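The exercises below are meant to be worked through with the sequence and the model side by side. Try each task before reading the solution that follows.

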Amino acid sequence: MFNEFKDKQKILDAFENYGVKDYIVSNEDTYKELIHYGKYTLWYCFGEFLEGGQTDLRGHIMASVCEDISLGWGEALLTDSENPAATGQDWFDIFRSNAEELQKQYSEEEMNELYPASWLLLQMIQLQVLSK
C-alpha cells in the first residue's frame with residue numbers, strides 16, 4: 001500500500017480523488033494486513049516519519065495505521081480531537097513529543113507495558129543516535 005505512493009504524480013492524483021478514510025475503506029484488506037503486522041508496520045512507518053516530510057496522503061495513511069496499532073495495543077494516545085494534525089508528519093511529531101515526555105515520567109518497564117508503541121519509537125530514536 002505504501003510503496004504505490006512513491007511516485008509523486010500518483011500521490012497527487014490519489015489525494016485529489018480520495019480522502020484518507022475513503023482510501024483506507026477502498027483498500028481495507030491491505031490496511032488490515034498492515035495492522036496485523038503490528039511492530040513491523042510501526043518500525044517501517046516510524047522510520048519514514050523520522051526521515052521527515054511525510055505530508056501527503058501516504059503520510060496520513062501511515063499515521064492512521066500507527067494510531068490504530070497503538071490503540072489496539074492499549075496505548076492511550078494524547079491527541080486533540082478538536083484540532084487534528086494537518087498531516088501525517090504532524091501526527092508523528094506530536095506522538096514523538098508525547099513519547100519523550102512519557103519517558104521522563106515512567107521507567108523502561110512501565111513504558112514497555114503501558115506505552116508499547118511509544119517505547120518502540122524511543123528505542124528506534126536511541127538506535128539512530130547510537131549509529132551516528
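**Exercise 1. Is Tyr 115 buried, partly exposed or exposed, and what is its relative accessible area?**

Solution. The model is a predicted one, and the value is computed from its atoms. Step one is to take the relative accessible area of Tyr 115, which is 14%. Step two is to compare this with the cut-off for buried residues, which is under 20%. Tyr 115 is therefore buried.

**Exercise 2. Describe the aromatic pair that Tyr 106 and Tyr 115 form, and the surroundings of Tyr 106.**

Solution. Begin with the total, since the structure holds six aromatic pairs. In the pair of Tyr 106 and Tyr 115, the centres are 5.5 Å apart and the planes make an angle of 50°, and the pair is tilted. Next, place Tyr 106 in the chain: it lies in the loop between H6 and helix H7 (108–114). Tyr 106 has a relative accessible area of 27% and is partly exposed, whereas Tyr 115 is buried. Finally, leaving aside neighbours within four places in sequence, Tyr 106 is in contact with Met 111 and Leu 114 as well as with Tyr 115. A further group to find in the model is the aromatic cluster formed by Phe 46, Phe 49, Trp 91, Phe 92 and Phe 95.

**Exercise 3. Which residues of the largest nonpolar core touch the most other members, and which helices supply at least two residues each?**

Solution. The largest nonpolar core has 28 residues, and those that touch the most other members are Leu 42, Phe 46, Phe 49, Cys 66, Phe 92, Phe 95 and Leu 121. Turning to the helices, at least two residues of this core come from each of helix H3 (28–36), helix H4 (39–51), helix H5 (57–72), helix H6 (88–105) and helix H8 (116–130). The largest share, seven residues, is that of H8. To follow one member in detail, take Leu 42, which touches Gly 47, Cys 66, Ile 69, Trp 73, Ala 117 and Leu 120 when residues up to four places away in sequence are not counted. As background, nonpolar side chains in soluble globular proteins tend to be buried together.

**Exercise 4. Where do Gln 89 and Gln 54 lie, and which polar atoms do their side chains approach?**

Solution. First locate the two residues: Gln 89 is in helix H6, while Gln 54 is in the loop between H4 and H5. Second, consider accessibility, where Gln 89 counts as buried at 9% relative accessibility and Gln 54 counts as buried at 9% as well. Third, look at the polar atoms: a polar atom of the side chain of Gln 89 lies 3.3 Å from the backbone nitrogen of Gly 53, and the side chain of Gln 54 makes a polar contact of 3.0 Å with the side chain of Arg 58. Fourth, list the contacts, not counting residues up to four places away in sequence. Gln 89 touches Phe 49, Gly 52, Gly 53, Gln 54 and Thr 55, and among the residues that Gln 54 touches are Phe 49, Met 62, Thr 87 and Gln 89.

**Exercise 5. How many salt bridges are counted, and how far apart in sequence are the partners Lys 32 and Glu 28, Arg 96 and Glu 100, and Lys 104 and Glu 101?**

Solution. The count comes to four salt bridges, and three of these can be taken in turn.

- Lys 32 and Glu 28 meet at 3.1 Å, N to O; because they are four residues apart in helix H3, about one helical turn separates them. Glu 28 counts as partly exposed, at 39% relative accessibility.
- Arg 96 forms a salt bridge with Glu 100, with the closest N and O atoms 3.1 Å apart, and both lie in helix H6, four residues and about one turn from each other. Arg 96, at 29%, counts as partly exposed, and Glu 100, at 31%, also counts as partly exposed.
- Lys 104 and Glu 101 form a salt bridge with the closest N and O atoms 3.1 Å apart; because they are three residues apart in helix H6, they are separated by about one helical turn. Lys 104 counts as exposed at 65%, whereas Glu 101 counts as partly exposed at 39%.

**Exercise 6. Which element has the lowest mean pLDDT, and which the highest?**

Solution. Start from the whole protein, which averages a pLDDT of 85, with 80% of the residues scoring at least 70. Among the elements, helix H1 (residues 8–17) has the lowest mean, 51, and H4 has the highest, 96. Where pLDDT is low, the predicted coordinates should not be read in detail.

Terms used
Residues numbered from 1 in each chain as written. Heavy atoms only, no water. Core = buried A, V, L, I, M, F, W, Y, C linked by side-chain atoms within 4.5 Å. Buried < 20%, exposed > 50% of the residue type's maximum accessible area, 1.4 Å probe, protein only. Contact = heavy atoms within 4.5 Å. Polar contact = N/O pair within 3.5 Å; in protein donor to acceptor, adjacent residues only side chain to side chain. Phe/Tyr/Trp six-rings, centres within 6.5 Å; stacked < 30°, edge-to-face > 60°. Salt bridge = Lys/Arg side-chain N within 4 Å of Asp/Glu carboxyl O. pLDDT = per-residue confidence, 0-100.
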